[in-house]
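Visitor: Please show me the model, and then take me through its domains and one of its sheets.

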Amino acid sequence: MTAVTGGFGPLLPEERADAATLVRQGFGIPREYFDRSVELFGPDVMRGLRAGPEAGRAGGLVACAAVWPMDHWFGGRPVPSCGVAAVAVDPAERGRGYGSALMRGLLEEARAGGAALSVLYPATLPLYTRLGFGRGGVSFDWSAPPAVLSAGPPPGDGWIRRTEASDASPLAALRRSLLSTTNGLVERNEGLWSFALCPDGVPSDVYTFGGSGGPEGYVAVAPPADRKLHVADLCLISPRAVRMAQGFLAGYRAQVDRVTWRGGPDDPLVLLAPERGVRADACDEWLLRILDVPRALESRGYPPRVVGELVLDVSDALIPENSGCFRLCLSEGRAAVRRLPRARNSAEKAGGKTDGAVLSLSIAALASLYSGHKGPHALRQVGLLRGGDEALALAALFFSGPAPWMPDRF
Ligand SMILES: CC(C)(COP(=O)(O)OP(=O)(O)OC[C@H]1O[C@@H](n2cnc3c(N)ncnc32)[C@H](O)[C@@H]1OP(=O)(O)O)[C@@H](O)C(=O)NCCC(=O)NCCS
């Protein structure tokens with residue numbers, strides 16, 4: 001691959017039209033949608049890469065991407081992260097290393113800015129796996145005939161109300177309890193809320209469910225079309241809210257043949273469906289990149305009563321500071337991480353006292369372990385991790401928790 005030397009940095013106002021063309025060619029996204037997204041996420045969200053002297057058009061924009069800071073929740077705690085979207089290279093310049101150069105630039109910038117993680121949905125894997133991204137979690141597209149969701153009359157002690165969707169703060173308050181009890185959800189900024197409640201720019205209608213103690217959940221539904229009802233967003237934090245949502249969605253059975261929604265593997269509507277017919281139409285995997293090993297490990301939460309020590313021997317070809325041995329000590333749901341000096345590393349690995357509790361893995365495999373998407377035994381089985389049974393048993397405990405998922409797509 002040709003080494004590229006072009007300049008990476010914030011997108012300049014005069015480059016916006018060119019970036020819109022790259023994104024249109026990359027994703028088929030029309031100019032209005034591009035402009036709306038940039039406005040929602042803020043004008044400083046876009047990054048660009050200009051061609052270097054190796055190209056015939058030095059200085060011209062050849063690649064762009066959107067990046068924004070956000071908190072990504074693992075183990076009940078927020079981890080500073082960088083969302084990446086709309087990675088697009090000029091179709092006339094693909095396969096020359098510009099996509100990789102752009103990604104290297106923005107990962108370096110995000111790390112320097114304090115992000116411990118980066119997350120994206122890949123359209124292609126090799127580009128990102130070579131840069132140290134690993135499989136981080138899933139996003140399911142579920143669907144069912146509405147009648148399949150019906151579980152009889154809704155609970156008599158509950159209420160349902162249509163809610164003004166322009167103010168997402170009451171919805172964010174409901175969603176907060178989910179952030180801390182599942183893995184992989186991101187704290188939404190205004191842009192992500194708008195994507196969630198107005199997919200494709202069409203506003204959905206929000207209905208909130210609750211009881212005497214206040215709201216317990218909501219569903220945001222797009223207008224029914226083509227005999228389908230799309231639930232743009234939902235959050236159901238109590239059994240009563242799930243029962244009420246079931247009855248609410250089943251109420252569309254004369255109008256639509258299927259209800260669709262996004263969720264995780266333990267989706268409440270799937271878990272409580274009283275009849276067969278719920279289908280996983282798609283399962284997308286998102287990728288996670290650990291940008292800063294100690295910061296990532298110390299920011300997330302862990303099971304509260306697990307205590308122990310583990311040495312992680314990490315290899316990272318892109319970020320040298322992440323390579324080496326890190327001692328991870330866990331107690332009271334938090335981790336303390338210390339980098340081990342190199343000489344001590346080899347002594348320990350050659351048979352020292354911590355030999356039984358050393359795990360060797362790439363930065364990409366660490367991402368899958370860290371998020372809880374893949375357990376250490378599954379990673380060892382396919383050769384992505386090396387370690388003894390004692391170390392694996394500890395790692396399985398350290399990183400145990402709900403399977404990571406995220407409904408937001410970007
Ligand atoms: C995917 C994309 C960003 C890659 O940019 P690029 O400048 O061609 O990438 P690089 O030259 O740095 O190549 C890195 C690797 O990406 C992969 N790749 C390159 N072009 C690709 C393409 N058109 N489709 C799929 N994978 C591709 C290859 O594995 C390549 O490795 P190689 O050198 O061994 O062939 C570019 O093809 C593009 O803009 N595609 C359309 C939009 C898109 O899919 N974006 C990704 C969204 S997550």
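Guide: A salt bridge here is a side-chain nitrogen of Lys or Arg within 4 Å of a carboxyl oxygen of Asp or Glu. The model is predicted, so local features need pLDDT of at least 70 and side-chain atom pairs count only at pLDDT 80 or more, while totals for chains, interfaces and linings use all residues. Residues are numbered from 1 along each chain as its sequence is written, and side-chain values use heavy atoms, with hydrogens and water left out.

Visitor: What is the mean pLDDT of the protein chain?
Guide: pLDDT is the predictor's confidence in each residue, from 0 to 100. Residues 350-354 stay under 50, but 95% of the chain's residues reach 70 or more. The mean is 93.

Visitor: Which residue meets Arg111 in a salt bridge?
Guide: The domain assignment, automatic or from a database, gives domain 1 (8-115), domain 2 (146-276) and domain 3 (292-398). Across the interface of domain 1 and domain 3 the rule finds one salt bridge. For Arg111, the N to O distance is 3.8 Å, and the partner is Asp292.

Visitor: Which three residues supply 56% of the area that domain 1 buries against domain 3?
Guide: Buried area is the accessible area (1.4 Å probe) that two parts lose on being put together, summed over both. Domain 1 and domain 3 bury about 1000 Å² between them, 60% of it on carbon and sulfur atoms. The three residues, with more than any other three, are Phe74, Arg77 and Arg111.

Visitor: Why is one side of S15 and of S17 left without a neighbour in the sheet?
Guide: Strands (E, at least two residues) and helices (H or I, at least four) are DSSP runs numbered from the N terminus, and two strands pair if DSSP finds at least two bridges between them. The open sheet has the order S15-S14-S13-S16-S17, with mixed pairing. One side of each is free because S15 (334-339) and S17 (385-387) stand at the edges, each with a single partner strand.

Visitor: Which residue in S15 is the bridge partner of Cys329?
Guide: Strand S14 (residues 324-331) and S15 run antiparallel and are joined by six bridges. The partner of Cys329 is Ala336.

Visitor: At what angle does helix H14 run to S13?
Guide: Axes are lines fitted to C-alpha atoms, for helices over the stretch in contact (heavy atoms within 4.5 Å), and angles run from 0 to 180 degrees between N-to-C directions. Helix H14 (residues 389-398) lies across S13, S14, S16 and S17. Its angle to S13 is about 100°.
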